[in-house]
Amino acid sequence: MRPSWSRFRWLHARRRRWLAGGLLLAGLAGFGCWRWLGCWRDEWVRDVSRSTVFQDRDGNVLLACLGRDERWRLPVPLGQVSPLLVDALVAVEDQHFSTHGGVDWSAVVRAGRSNLASGRVVSGASTITMQVVRLARPGARGWSGKLVQAGRAWDLERQHGKDWIMEQYLNLLPFGGNLVGVEAAAQCYLGKHANDLTLAEAALLAGLPQRPNHFRPDRHPEAAMERRSRVLERMVAEGMISAAEAGQAAGQALPVVARTAGSRLGIEPREPQYCQLASREEGPRGTVRTALDSRLQEQVLAALQAGVDRVPEVVDGAAVVLAVPTGEVLALVGTLDYGRPGDGQVNAATAPRSPGSALKPFLYAVALGGGRMVPDTVLSDAPLALPDYRPGNFDQRFRGPVAMGDALRDSLNTPAVRTLQATGVAPVLDLLHASGIASLRRSAEEYGLALALGGGEVSPLELAAAYATLARGGEFLPPRFRLDSTRQPVPRRVLPAGVASLLSDVLSERALPGLPPRWVAWKTGTSNGLRDAWCVAYNPEVVLAVWLGNKSGAPSPGLVGTQAAVPVVADILQRRFADHAPLPPDTTTGTAMVALCADTGLRAVPVCPRQRQGRAVAGIPLLACEGAPEAGLAILSPRPGVYRVDGTGVVQLPLTSTGSSGIVWFVDGVWVEDPARGQRFAPGHHVVRCVTGDGRLAATANLEVQAAN
C-alpha cells in the first residue's frame, strides 16, 4: 500500500514549527545568557587593590606602599590627569570613544577583514570601554570572551558617562613591571604627577599600554621613542595637534628619571613611624591625608637631636606635639636614627617608660575634684616611713608645711604620696585611664603608692594626650593621625573644668626656663635611677611631651627633667611660636572664691583665727578646717635672736616646742632626724621650723649665729 503524501506533508510542517520554536527559544536563551554574562558591576573597580600613599596635612607625599597584589596603583581623578595624555590614548586606542556605545562596530568589521586576510588575529577591535571591562574583570580569551566583553561594555555605557569610564581606564592601564595607572607611571618614569605632563611625555606614556614591557623607556629606550613617534602621528591624524608640535615633541630627548629600588615612584620614604600609626587608626585606603605638620616635625627633630647631643651617654629621644582643640598629632618623633641597627626602628613615642613625677598633676586632680584640697591647702613635706617604702625628695631635703600648689610645682614627693594615700590609688588609675593612658594595665594594689613617683610606665604619646585633657579644660579627645578620618570623636569630660583650671594656674605660675615670657603650663619628670628625663608643656594651642633616654634603659647622670628635657621643650616652643604668642587661657573657669583658713588652706570655720580668700572648684564642697589646737604651736627653743659660737666654733641649742608629741623639725629646710639631741648651729643665718604631724600648723624662728671675736 502506498503511503499517503498528505500525512508526510503534515509531519513535515509540524517539524518545521518545532524547529522554528526551538531556534527561537535557543536564541532567547543565548541572548539572555549573553545579557546575564554581560552585566557590569561597579564593585569590580572598587575592589581593585590600591597602593596606599600617605600625605602630610599640606598634601606632600610622605610614604607610598604597594597594594595587596604587590603592584603600584595610585588612583587619580580625571581632573588630575593632563588632557594631552587623554587625547594621546584616544588617538592610539579608540578614535571613536566619544561616539560609540561601548562597541565600535566599524572597527569590528575592519578587524574581521584584517584577521581573515592574514589568517591570524592581528586586530581585536577593543574599545576603551571594552578594555576597562577586561582590565577590571579578566575573562576567557577568544571570541566567547570578546562577546562577554562586548555585552559588559554595552551595559557599562548604559550605567556611566564617558568621563567616568575614561577615569577608570586611566587608573587600570598597565605600564610595565608592577606599575598600574597613569599616576604611578608618571611618577616612576618621569618623576612628576600625571597632571604635569608635556606633550612628549604624554605621548611616551600613551604608547606603553599596547606592549608595556616591550616599550618600557627605562629598559628599551629606542623602542619607546619609536612608539612615541607613532602616537604623535596618530594625534596629528586625528587633528589633536599640529605636525609642527609633533615634530618638536618627537625631537625631545627621552625624559626618563632613574630610580632606585627604595624610591621606585620618586618618593623618598619619610616618617614611616607616623604613617604606621595613621594606618592603624582606620586602616589604609588609597591616599591618606595625615595631620602631620612637616615643618614642625623638622623643628621638633632638630631640637630633640640638639638636646640629646647635650646629654652625655644618651643617644635617643622622643617628642609628640598635639593640637589641643582637635587632638591632631602635629608632630611625632619616635627615633633619632631609624636606620640604626638594633633599636633604630623602635618607636619611643609609643613605648612605655617610667614618667617620674609627670603623673603628679593627676593624683592632685583627684584630690581637688573630691573637695579634699585647693592649691592653698597646706600639706606636709616631712619624712614618711611606710612598710618597705621610704619616699624622699630629689634634693634629699624636706620643707615642712607647704602649700599644695608649691608641692606640685617643686615636685615634692612626700606630699604627693600622702595625697595618694588620702585619695586611694584606684581613683587616680581610673582618671589616668580616662585621660588616654592605657599602658597602666596592672591593678591598683600592684602599683600602690609608688604610682605617685613614677611606679608605672606610660608613653610620650599617652602623656601628651593626658595633659591635653588639662589644656582642654578637663575634656579628653583621643590623638588623631588622619585628617580624612570618617570617625569624628566627641570630647568626653573626665574632669570638672575647675580642676583643670586650678592645675593649669599652678603649672603656669613659673616661667619655663629658656622661653621668652609667655603663658605655658609645664611639668617635669625624672625616673628612679636617672634613666628617663621628661618635660610636658601646654598652652591653648598645643601640648608637647618630650622624653630623653636610651631605649636600652641605660642610665645617665644628665637624665634629669629640668636639665635635659626642659631646654628641648623651650627650643621647640620658641621655634613654633616665633611669630606669635597664644593668648593665655582663663584659669578661673569653673572656679569660685571661698573663705579659707589662712593656716591650713581648707574651708574656713568660725574658730579659725585668720581667714583669707582663695579659689576652689565651683560646685564641689571643700573640706572644712577643724580649727586650731587650744594652745597653738610655738617654738620654745631656740628663741629668735643672736647667738655666739662656743669654743668648738658652733653653738648647741635644744629643739623644744609647745603642743603634743609628733612634732617634726626642720633646720634650714633639712629634716632633723633626732630633735631630742638638739642642733648644732654654725655661724650664719638659720631658719628653724616645726610642724604638727598632720602638717596643719607650724611655727618658725629666725636666728643669727655669730663667730667668736
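In which helix is Gln 305 found? In this predicted model, Gln 305 is found in helix 13. Its relative accessibility is 29%, so the residue counts as partly exposed, lying between the 20% limit for buried residues and the 50% limit for exposed ones. Asp 316 follows 11 residues later in sequence, and the C-alpha atoms of Gln 305 and Asp 316 are 8.0 Å apart in space. Helix 13 returns below, as a neighbour of helix 21.

Taken as a whole, the protein chain has 709 residues, of which 50% count as buried. Its secondary structure consists of 21 helices and 25 strands. Of the contacts between residues at least 6 apart in sequence, 67% join residues at least 24 apart. The accessible surface comes to about 32,900 Å², and carbon and sulfur atoms contribute 54% of that area.

A word on confidence is useful before turning to the details. The mean pLDDT of the protein chain is 84, with 84% of residues at 70 or more. Among the elements, helix 19 (residues 460-471) has the highest mean pLDDT, at 98, while helix 1 (residues 5-37) has the lowest, at 51. Across residues 26-36 the pLDDT falls below 50, and this stretch has seven contacts in the model beyond near neighbours in sequence.

Two helices can be followed in some detail, beginning with helix 10. This helix (residues 221-237) has 17 residues, which at 1.5 Å a residue should span 24 Å; the end C-alpha atoms are 24 Å apart, so the model agrees with the expected span. The buried residues of helix 10 are Ala 223, Ala 224, Arg 227, Arg 228, Val 231, Leu 232 and Met 235. They pack against helix 3 (83-93), helix 9 (199-206) and helix 11 (243-250). Just after helix 10, Gly 239 takes a positive phi of about 75°.

Helix 21 (residues 561-576) has 16 residues and reaches 21 Å from its first C-alpha to its last, close to the 22 Å expected at 1.5 Å a residue. Its buried residues include Gly 561, Ala 564, Ala 565 and Val 566, as well as Val 568, Val 569, Ala 570, Ile 572 and Leu 573. The cover over these residues includes helix 13 (294-310), along with strand 12 (521-526), strand 13 (532-538) and strand 14 (542-549).

Strand 12, part of that cover, is itself mostly covered, with five of its six residues buried. It runs antiparallel to strand 13, and six bridges join the two. Thr 526 stands opposite Ala 533 of strand 13. Five residues lie between the strands of this hairpin, where Gly 529 takes a positive phi near 90°.

Another antiparallel pair is formed by strand 1 (residues 52-55) and strand 2 (residues 61-65), joined by four bridges. Here Thr 52 has Cys 65 of strand 2 as its bridge partner. The hairpin of strand 1 and strand 2 has five residues between the strands, and Gly 59 takes a positive phi near 90°.

The cysteines complete the picture. A search of the whole structure finds zero disulfides. Cys 39 has a relative accessible area of 26% and is therefore partly exposed, whereas Cys 188, at 3%, is buried.

Technical notes: Residues are numbered from 1 along each chain as its sequence is written. This is a predicted model: local features need pLDDT of at least 70, side-chain atom pairs count only at pLDDT 80 or more; totals for chains, interfaces and linings use all residues. Side-chain values use heavy atoms; hydrogens and water are left out. pLDDT is the predictor's confidence in each residue, from 0 to 100. Contact means heavy atoms within 4.5 Å. A disulfide is a pair of cysteine sulfur atoms within 2.5 Å. Buried means under 20% relative accessible area, exposed over 50%, partly exposed in between (1.4 Å probe, protein chains only). Accessible areas come from the Shrake-Rupley method with a 1.4 Å probe; for residues, only the protein chains shown count as cover. The expected span of a helix is 1.5 Å times one less than its number of residues. Two strands pair if DSSP finds at least two bridges between them.
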